[in-house]
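The following exercises are to be worked with the sequence and the model at hand. Please attempt each task before reading its solution.

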Amino acid sequence: MVIKDKVLNMLAKADGNYVSGEDLARSLGVSRNAIWKAINALRGQGVFIHAATNKGYRLGGKVDILSEELIRNYLEDEDGRFFIDVRREVASTNTVLKQMAETGAPEGTVLIAQEQTGGKGRLQRRFFSPPGTGIYMSVLLRPCILAADCLFITTASAVAVAEAIKDVCGKDARIKWVNDVYCDGKKVCGILTEASLDLESGGVAYAVLGIGINVYRPQEGYPEEIAGIAGAVLDNANGAGDLRSRMAACVLKRFWAYYSELNKRRFLDKYKELSMIVGREVYVLRKNASHRAFVIGIDDDCCLRVRYSDGSEELLSSGEVSINPNVAGEV
């Protein structure tokens, strides 16, 4: 971890109190000049840091810190299963992590960005990823499963996100099949699982699980094309402290508990319980057409059973459904 990240973590742990430059330097084993450079680097990244003569430095009250060390502290990762890399900006965490996977990165590698300039959603859509307001995270997995079973990675992670939102923020979250998490009727999380196949075995060589969570509403709002769909878990970061670090850790812990026993599908009952579309009408989207359907339920393979207006039924294992007839694509 670079010095500026260590400085940021020490200031975060001070809980709004001043920490002298001398104490920072002594604790980190560096010079006062190195501390000064780290403070300036953090300010350059948009972190608001107060400085006072004979007192030192303290964080501004609205900062929400997302850092490797804080995430590790909350993970309590005694088995060392996670390898966490937090970066200021990447094009897409999924794209970068797939490159790392191809060069031998181990399972449990987690790449988190403060901002994505080319975040990806399903069906080649863009995932809006402004700085400082969300968690943009990808996890490298090397499971011994068939390609078709990657659906369980996606559904297990949706449950993990919904549970983490409840644990950390106290808010109820629901799941729209197959990979979206909603709060207060708005989408707050999208999930994209991408897999590389092993052609010899017919199984999965590796999978990259991408999770994008809108933790706070951006001050400038959402782009027009998603303004009617997108929401955030919380309105702002006032007094948040390190909430995003806590939430990232909680998502990872809950997901890994399900993933480590994926064949037992311990997440399944919760996935069905948290569904926001079972028992209601939706629109099944195919190319440029939508078909009204009633959602009967979700089966044990996480497939969606729907009944159309002509009485015919279909079991959907992939595809897209909308809860709004005027929105051709909510994912």
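Four exercises follow, each with a worked solution.

The model is predicted, so local features need pLDDT of at least 70 and side-chain atom pairs count only at pLDDT 80 or more, while totals for chains, interfaces and linings use all residues. Residues are numbered from 1 along each chain as its sequence is written, and side-chain values use heavy atoms, with hydrogens and water left out.

**Exercise 1. Disulfides**

Task: Determine how many disulfides the structure holds, and examine Cys-189 and Cys-250.

Step 1. A disulfide is a covalent bond between the sulfur atoms of two cysteines. The criterion applied here is a pair of cysteine sulfur atoms within 2.5 Å.

Step 2. For Cys-189, the closest cysteine sulfur belongs to Cys-183 at 9.5 Å, which is too far for a bond. Cys-250 is likewise in no disulfide, as the nearest cysteine sulfur, that of Cys-169, is 9.5 Å away.

Step 3. The structure as a whole holds zero disulfides.

Step 4. Accessibility is classed as buried (under 20% relative accessible area), exposed (over 50%) or partly exposed (in between), using a 1.4 Å probe and protein chains only. Cys-189 is buried because its relative accessibility is 0%; Cys-250, at 12%, is buried too.

**Exercise 2. Aromatic pairs**

Task: Classify the ring pairs Phe-82 with Trp-256 and Phe-255 with Tyr-259.

Step 1. Rings of Phe, Tyr and Trp (its six-membered ring) pair if their centres lie within 6.5 Å; planes under 30 degrees apart count as stacked, over 60 as edge-to-face and the rest as tilted. A search of the whole structure finds seven aromatic pairs.

Step 2. Phe-82 and Trp-256 have ring centres 5.1 Å apart and planes at 75°, so this pair is edge-to-face. It links distant parts of the chain, 174 residues apart: Phe-82 lies in the loop between α4 (68-75) and β3 (83-90), and Trp-256 in helix α7 (residues 243-259). Helices (H or I, at least four residues) and strands (E, at least two) are DSSP runs, numbered from the N terminus.

Step 3. The ring centres of Phe-255 and Tyr-259 are 5.6 Å apart with planes at 20°, so this pair is stacked. Both residues lie in helix α7, four residues apart, or about one turn of the helix.

Step 4. Ring pairs link Phe-82, Phe-255, Trp-256 and Tyr-259 into a cluster. Phe-82 and Trp-256 are both buried, as are Phe-255 and Tyr-259.

**Exercise 3. Strand β7**

Task: Describe the strand partners of β7 and the burial of its faces.

Step 1. Two strands pair if DSSP finds at least two bridges between them. Strand β6 (residues 174-176) pairs with β7 in the antiparallel sense over three bridges, with Lys-176 opposite Asp-180. These two strands form a hairpin with three residues between them.

Step 2. β7 is also joined by four bridges to strand β8 (residues 186-198), again antiparallel. Here Cys-183 has Lys-186 as its bridge partner. This hairpin has two residues between the strands, and Asp-184 takes a positive phi near 55°.

Step 3. Both faces of β7 (residues 180-183) are covered: Asp-180 and Tyr-182 on one side, and Val-181 and Cys-183 on the other, are all buried.

**Exercise 4. Two glutamates**

Task: Are Glu-163 and Glu-69 buried or partly exposed?

Step 1. Glu-163 is found in helix α6 (residues 150-169). Its relative accessible area is 11%, so Glu-163 is buried. Not counting residues up to four places away in sequence, Glu-163 touches Arg-254, Tyr-258 and Lys-270 (contact means heavy atoms within 4.5 Å).

Step 2. Glu-69, in helix α4, is partly exposed, with a relative accessible area of 25%.
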